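Subject: Handing over the structure

Hello,

Here is the structure I promised to pass on to you. Have a look at it first, and then read on for what turned up in it.

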Amino acid sequence: MDSQKKPVFPPQHQNRQPGKEGEMNPAPKYDDPDYKPSGRLAGKAALITGGDGGIGRAVAVAFAKEGADVAIAHLWESGDAEQVKRDSEAIGARCICLEADLKQGAAAADIAERTAKAFGKIDVLVNNAGAQYPQNSILDITKDQLLHTFESNIFSFFYLTKAALPYMGAGSAIVNTASITVFDGSPTLIDYSATKGAIVAFTRSLSLSLVKQGIRVNAVAPGPVWTPLIPASASPQDVITFGSDTPMGRAGQPCELAPAYVFLACADSAYITGQILHINGGKIVN
């Protein structure tokens with residue numbers, strides 16, 4: 001075992017991505033009871049991909065607390081999505097769940113249309129869903145895996161952004177989920193890191209393209225965060241020490257990232273576009 005890594009989590013594995021929160025031990029923290037909302041997204045409508053768990057679930061709940069109505073796009077985890085819907089409605093928000101495979105452009109168009117029909121508009125788009133398949137060597141990455149990773153992680157962002165833009169106006173915001181692997185690298189996530197690098201480039205170029213329309217585009221680059229994707233993609237041995245090599249010595253919790261998405265979605269960040277926020281437990285990124 002790496003001398004910098006210490007046991008943090010019990011060994012565990014799930015056999016299907018993106019994973020289920022209900023099968024995680026311990027459960028991730030998606031809601032911070034000390035979070036103090038102030039109506040920063042009152043009257044807004046948000047579409048969040050991967051909103052059924054992990055970072056997406058935490059963002060959905062934080063948006064609901066801030067007064068937004070939320071549409072949750074998910075792949076197959078309908079039980080988790082329905083729980084997010086109940087949580088959001090308990091706060092007072094309207095929430096709809098949208099099952100879709102966003103690797104398909106037609107599916108992206110459908111959920112954008114359904115969101116706009118339900119809420120009359122889309123003010124905030126959070127492109128967050130993704131997949132990762134660790135391999136020890138580039139020689140082990142098949143063409144099928146490469147295509148699947150790119151279709152899941154960046155093609156879906158293109159498709160959904162194109163579909164949502166007709167329903168977005170001046171003052172709207174797009175927030176993309178990138179990754180520390182863009183800046184720090186990862187020997188076992190080469191294709192995943194490449195897609196996240198594409199997301200950074202996509203964010204910067206799209207921000208320049210949309211700035212005259214009054215639409216801001218930014219991204220969050222998380223470090224290790226305890227989400228269902230981890231036990232669904234990592235080996236039980238890697239799960240044990242997940243996040244322990246950060247300067248803070250632990251993985252982040254989804255609720256610790258949600259305020260950054262709120263900030264980038266609301267008027268507090270009105271003079272910020274094309275930027276990447278690094279939330280990674282203390283890793284210095286230059």
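Let me start with one residue in this predicted model. Not counting residues up to four places away in sequence, V200 touches A178, V182, F183 and I276. You will find V200 in helix 6, which covers residues 190-210. Its relative accessibility is 4%, so V200 counts as buried. V200 also has a distant part of the chain to look at: Q275 is 75 residues away along the chain, and the C-alpha atoms of V200 and Q275 are separated by 8.7 Å.

Now for the whole chain. It is built from nine helices and seven strands. Its radius of gyration is 18 Å, close to the 19 Å that the globule rule gives for 286 residues, so the chain is as compact as a globular protein of that length. Along the principal axes, the C-alpha trace spans about 50 × 40 × 35 Å.

How much of the chain is buried? Of the 286 residues, 52% count as such. The accessible surface comes to about 12,700 Å², and carbon and sulfur atoms hold 53% of that surface. If we take the contacts between residues at least 6 apart in sequence, 76% of them join residues at least 24 apart. As for charge, there are 25 positive and 28 negative side chains, and the centres of these two sets lie 5 Å apart.

Two threonines in helices are worth a visit. T115 sits in helix 3, residues 105-119. With 0% relative accessibility, T115 counts as buried. Leaving aside its neighbours within four places in sequence, T115 is in contact with L47, A71, I96, L98, G120, K121 and I122. The other threonine, T161, belongs to helix 4, residues 143-164. T161 is buried too, at a relative accessible area of 2%. Again leaving aside neighbours within four places in sequence, the contacts of T161 are L125, N127, I174, F202 and L206.

Next, a loop. L102 lies between strand 3 (95-99) and helix 3. Is L102 buried or exposed? It is buried, because its relative accessible area is 11%, and the cut-off for buried is under 20%. Beyond its neighbours within four places in sequence, L102 is in contact with T49, A107, A108, I111, S156, Y159 and L160. S235, on the other hand, is well separated from this loop residue: the C-alpha atoms of L102 and S235 are 26 Å apart, with their positions 133 residues apart along the chain.

The segment before strand 1 has a few things to show you as well. D32 is found there, with strand 1 itself running over 45-49. D32 has a relative accessible area of 29%, so it is partly exposed. Not counting residues up to four places away in sequence, D32 touches K65 and C255. The C-alpha atoms of D32 and T273 are separated by 27 Å, and these two residues are 241 apart along the chain.

The same segment brings us to a pair of cis peptide bonds. One joins Q17 and P18, with omega at about 5°. Another joins N25 and P26, and there omega is about 0°. P18 is in the segment before strand 1, and P26 is in that segment as well.

Last, the cysteines. How many disulfides are there? The count comes to zero. Why is C95 not bonded to C97? The closest cysteine sulfur to that of C95 is in C97, at 4.9 Å, which is too far for a bond because a disulfide needs the two sulfur atoms within 2.5 Å. C255, the residue touched by D32, is in no disulfide either, and its nearest cysteine sulfur, that of C266, is 18 Å away. Both C95 and C255 are tucked under the accessibility cut-off: C95 is buried at 4%, and C255 counts as buried at 14%.

If you would like a place to begin, try V200 in helix 6, and then move on to T115 in helix 3.

Best wishes

Conventions: Residues are numbered from 1 along each chain as its sequence is written. This is a predicted model: local features need pLDDT of at least 70, side-chain atom pairs count only at pLDDT 80 or more; totals for chains, interfaces and linings use all residues. Side-chain values use heavy atoms; hydrogens and water are left out. Helices (H or I, at least four residues) and strands (E, at least two) are DSSP runs, numbered from the N terminus. The radius of gyration is taken over C-alpha atoms; the globule rule is 2.2 Å times the number of residues to the power 0.38. Buried means under 20% relative accessible area, exposed over 50%, partly exposed in between (1.4 Å probe, protein chains only). Contact means heavy atoms within 4.5 Å. Accessible areas come from the Shrake-Rupley method with a 1.4 Å probe; for residues, only the protein chains shown count as cover. Lys and Arg count as positive and Asp and Glu as negative; His and the chain ends are not counted. The place of a charge is taken as NZ of Lys, CZ of Arg, CG of Asp or CD of Glu.
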